Amino acid sequence: MFRKLPGDEARNLVTTTPDTAVVFRPAVVTTPAIITLVIWLARLIRGLVRFIWRHPVVVFLLAGSVACLHLYGWRATLALLGVALLASLSWAFSDRASFLGYVGWPLLAFGRWFWIYRRTWQPVMTISGLGRHVRGRDYSPRLVRVDCDGWADRLTVRMLNGQSVKDWTDRIDGLAHGFGSLSCRVSVASAGHLVLTFPRRDPLAAPLPAVPVPLVPTVGPVEIGSQEDGTPLRLKVHGTHLLVAGATGAGKGSFIWGTIRGLLAAILAGLVQVYALDPKRMELSYGREIFGRRYAATPEKCADLLDEAVSLMQERADRFAGRQRSHTPTTADPFVLVVVDEVAFLTAYQSDKGLRHRITAALATLTTQGRAVGVGVLAALQDPRKEVMNIRNLFPDKIALRLDESEQVDMVLGDGARDRGALADHISPIPELGAGVGYVRLETSPDPVRVRAAYVSDEDIRDMVQIVTGAGEAL
Ligand SMILES: Nc1ncnc2c1ncn2[C@@H]1O[C@H](COP(=O)(O)OP(=O)(O)OP(=O)(O)O)[C@@H](O)[C@H]1O
């Protein structure tokens, strides 16, 4: 035993049991039973109120059935439940959306909370390392609520004090598999609260047919496909620049042609002009009649066309200076969309140094100064490395289609995008399953959204050419 008395010199003392831990007897303050009972009661009431607030449909059904059983007996209760079931069925058939919103999804959310999340919450938190064991006590993040819709479960979670979003984004794989889902997205709901999204099915698993050509000219967000939650994918092109990156066969063409298709009525109305740069001569050449003289394939012609767009942009900027700060498309000043298929052919892979510098400078000028005066760039790219595309950060909105390596995801969408669930490197290389599927990260939102562009087939492009040439002849 190691004992040191006041005044003793520690170095002259000898201990025979040096490993003995010093154990203190904790001070025990006896709490009166009434206080313990009051605390328990308060917790019980708080839990009940919370349960009623979160699961009103279930509480209503249970309380109603119990009351009916007590007042009128089991026969009347069964009859009432039968009537309620019939009424629900007729509601579901006559107005499916409101039935699902008020009854269907809340019931499903209760079922999934009860059977899956409530039961597996603690083990998943502990094993994934999100729970903590401090001084003999277990601390676990709190599952605040579960919401369901047609394709996913959304869990609102209260993080432990001191946890960061990164603690969660680093564990999305464990969370997804722990709760029986294929993927998990993490987004911030408020200070200390996160929303975890677990898809139950994939609404983007099958190819989508091309969106019909709009009848009304529109330069606003153009519908080109579908988002993961089933809502239309509307891409903003006017007032931004877009970079679409994806490996070969990822479906970049669908995004390019889908956008042109969505703008076709505006092109015919003279509100939009498309400058098409097609150095691969494979993609845009198929519908080159749509672009008229604003089509270029050789690097020299591409550079000339880009310089033309830059001159137009600068002329507009001079005219707008001091008069207007944003652009409204008119026939006199249409929105100019510069579409570049495989931009690396014109920048990184261009052997003529002078031409390469000229093209890169023109693209940088357009992407830095174009959006306020109605000039936008939509560029497609296979390899997103900085050496290949050193101006990729000048594009405010980015789309990552199927990529070969996980590191490329953040190169395209920005830091932390893959951690937040943009698994572009997991998209299937089988065209039916994965072509046109990608993650969109907009300037306005850090959360990547999974989308699929509708497939614009060669026949659809031929139809578009016919519409344009037919309109030209009719004039
Ligand atoms: N949205 C889509 N839905 C379903 N299938 C698609 C879609 N887009 C493309 N595909 C299929 O994938 C194939 C490759 O598409 P696409 O040529 O657009 O890819 P890409 O990314 O432009 O490739 P590359 O860089 O080699 O030109 C198409 O021939 C088509 O069969």
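Helices, here, are DSSP runs of H or I with at least four residues, numbered from the N terminus. In this predicted model, helix 6 (residues 252–262) supplies the largest share of the shell around the ligand, namely three residues. The briefing below covers that shell, an open sheet of four strands, and a hairpin formed by strand 7 and strand 8.

**Ligand shell**
- Among the 15 residues around the ligand, those that come nearest are Pro207, Gly251, Gly253, Ala435 and Gly436.
- The shell around the ligand divides by class into eight polar, six nonpolar and one charged residues.

**Open sheet**
- The order of the four strands in the open sheet is 3-4-6-5, with antiparallel pairing.
- Strand 3 (142–148) and strand 5 (185–190) are the edge strands, each pairing on one side only.
- From one strand to the next, the twist averages 25°.
- Six bridges link strand 3 to strand 4 (residues 152–158) in the antiparallel sense; Asp147 has Arg154 in strand 4 as its bridge partner.
- Helix 3 (residues 96–128) lies across strand 3 and strand 4, and runs at about 145° to strand 3.

**Hairpin of strands 7 and 8**
- Strand 7 (residues 222–227) pairs with strand 8 over four bridges, in the antiparallel sense.
- Four residues separate the two strands of the hairpin, and Gly230 in the turn has a positive phi of about 95°.
- Leu233 in strand 8 stands opposite Gly225.
- In strand 8 (residues 232–235), Leu233 and Leu235 make up the covered face, whereas Pro232 and Arg234 make up the uncovered one.

Definitions and conventions:
Residues are numbered from 1 along each chain as its sequence is written. This is a predicted model: local features need pLDDT of at least 70, side-chain atom pairs count only at pLDDT 80 or more; totals for chains, interfaces and linings use all residues. A residue is buried if 20 or more other C-beta atoms lie within 10 Å of its own, exposed if 12 or fewer, and partly exposed in between; C-beta atoms are placed from the backbone. Two strands pair if DSSP finds at least two bridges between them. A residue is near a molecule or strand if its C-beta atom, placed from the backbone, lies within 6 Å of it. Ala, Val, Leu, Ile, Met, Phe, Trp, Tyr, Cys and Pro count as nonpolar, Asp, Glu, Lys and Arg as charged, and the others, Gly among them, as polar. Axes are lines fitted to C-alpha atoms, for helices over the stretch in contact, and angles run from 0 to 180 degrees between N-to-C directions. Two residues are in contact if their C-beta atoms, placed from the backbone, lie within 7 Å.
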